[in-house]
Amino acid sequence: MKRNNLFATLFLSAAIILSGCSSLNNTAKGGLLGGGGGAAIGAALGALIGKDGKSTAIGAAIGGAVGASAGAIIGKQMDKAKAEAAAIEGANTQSITDANGLPAVLVTFDSGILFATGSSTLSASAQSSLTKFAKILVENPTLALSVLGHTDNTGFANSTPAQSAQKNQELSQKRAQSVVNFLTSKGALASQFKEVAGKGQDMPIADNSTAAGKAQNRRVEIYMYASEQMVKDAESQANK
């Protein structure tokens, strides 16, 4: 089968699987994706599913298909982590799919909640919220995480558009790193963080021509997904 036809087939398969799953929680989705998808469809889902379709694939492919029972176990863990994160002030949560076709969770913090304008120093309220979030990570040491910082496209004084874009990228990187540094100071394992990156102004999720849109674009995203160890643990549990 040609590459383009294969991709189209995988995309259609993913769409069919998810089209009837809007009412399912991660536990149920984990069983469907883990049992029926396998690694190939999982890779396609990971590349295509994300916040407003703008996210890159989250998590490295582990190879091989994850069984339905293991997928359901991972989904249950993600449901619990999502519920706990959703209870934290300033945190918005969304169920997504990782690069292995497994349930994952996106937690988004508005940068206005975390930082003062132009700063990468966490506010007192942000530290309170992230302290609660760190407890989730401590309780789930096999959770893998990617932390991505984003800005709007507001320029800097006495800077060209290109210079402003670069400064926004640097600011987003510093903010992502500030979040990770704080979480590790509260007990999260440094090894849990698989990616810490600043995306600058390049991945807006709203209209940068409005104040409301800019506010949405200024954000830090934390992706929680299954590490290879979590998958191994789930498969071991499923086989008992």
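Which residues point one way from β5, and which point the other way? The views below start there, in a model that is predicted.

**View 1. Strand β5 and its two sets of side chains.**
Arg 219, Glu 221, Tyr 223 and Tyr 225 point one way from β5, while Val 220, Ile 222, Met 224 and Ala 226 point the other way. Whichever way they point, all of these residues are buried. With eight of its eight residues buried, β5 is largely enclosed by the rest of the structure.

**View 2. The sheet of five strands.**
Follow the strands across this open sheet and you meet them in the order β1-β2-β5-β3-β4, with mixed pairing. The strands β1 (91–97) and β4 (193–198) stand at the edges with a single partner strand each, so one side of each has no neighbour in the sheet. From one strand to the next, the twist averages 15°.

**View 3. How β5 and its partners are joined.**
As a reminder, strands of a sheet pair through backbone hydrogen bonds, either parallel or antiparallel. Here, β2 and β5 run antiparallel and are joined by six bridges; look for Val 105, whose bridge partner in β5 is Met 224. Strands β3 and β5 also run antiparallel, with eight bridges between them. In that pairing, Leu 143 stands opposite Ala 226 in β5.

**View 4. The edge strand β1 beside β2.**
Seven bridges join β1 to β2 (residues 103–110), and the two strands run antiparallel. To find your way, look for Gln 94, which stands opposite Leu 106 in β2.

**View 5. Helix α6 across the sheet.**
Helix α6 (residues 161–185) lies across β3 (143–150), β4 and β5 (219–226). Its direction is at about 150° to β4.

**View 6. The two sides of helix α5.**
At 1.5 Å a residue, the 16 residues of α5 (residues 124–139) should span 22 Å, and the end C-alpha atoms are 23 Å apart, which agrees. The buried residues of α5 are Ala 126, Ser 129, Leu 130, Phe 133, Ala 134, Ile 136 and Leu 137. Seen down the axis of α5, these buried residues fall within an arc of 150°, so they line one face of the helix. The face turned away from that buried side carries the exposed residues Ala 124, Lys 135 and Glu 139.

**View 7. Two rings that meet edge-to-face.**
A search of the whole structure finds one aromatic pair. The ring centres of Phe 109 and Phe 133 are 6.2 Å apart and their planes are at 85°, so the pair is edge-to-face. Phe 109 belongs to strand β2 and Phe 133 to helix α5, so the pair ties together parts that are 24 residues apart in sequence. Phe 109 is buried, at 1% relative accessible area, and Phe 133 is buried at 0%.

Key. Residues numbered from 1 in each chain as written. Predicted model: local features only at pLDDT ≥ 70, side-chain atom pairs only at ≥ 80, totals over all residues. Heavy atoms only, no water. Helix = DSSP H or I, 4+ residues; strand = E, 2+ residues; numbered from the N terminus. Expected span 1.5 Å × (residues − 1). Buried < 20%, exposed > 50% of the residue type's maximum accessible area, 1.4 Å probe, protein only. Arc of directions from axis to C-beta. Pairing = 2+ DSSP bridges. Axes fitted to C-alpha atoms, helices over the stretch in contact; angles between N-to-C directions. Contact = heavy atoms within 4.5 Å. Phe/Tyr/Trp six-rings, centres within 6.5 Å; stacked < 30°, edge-to-face > 60°.
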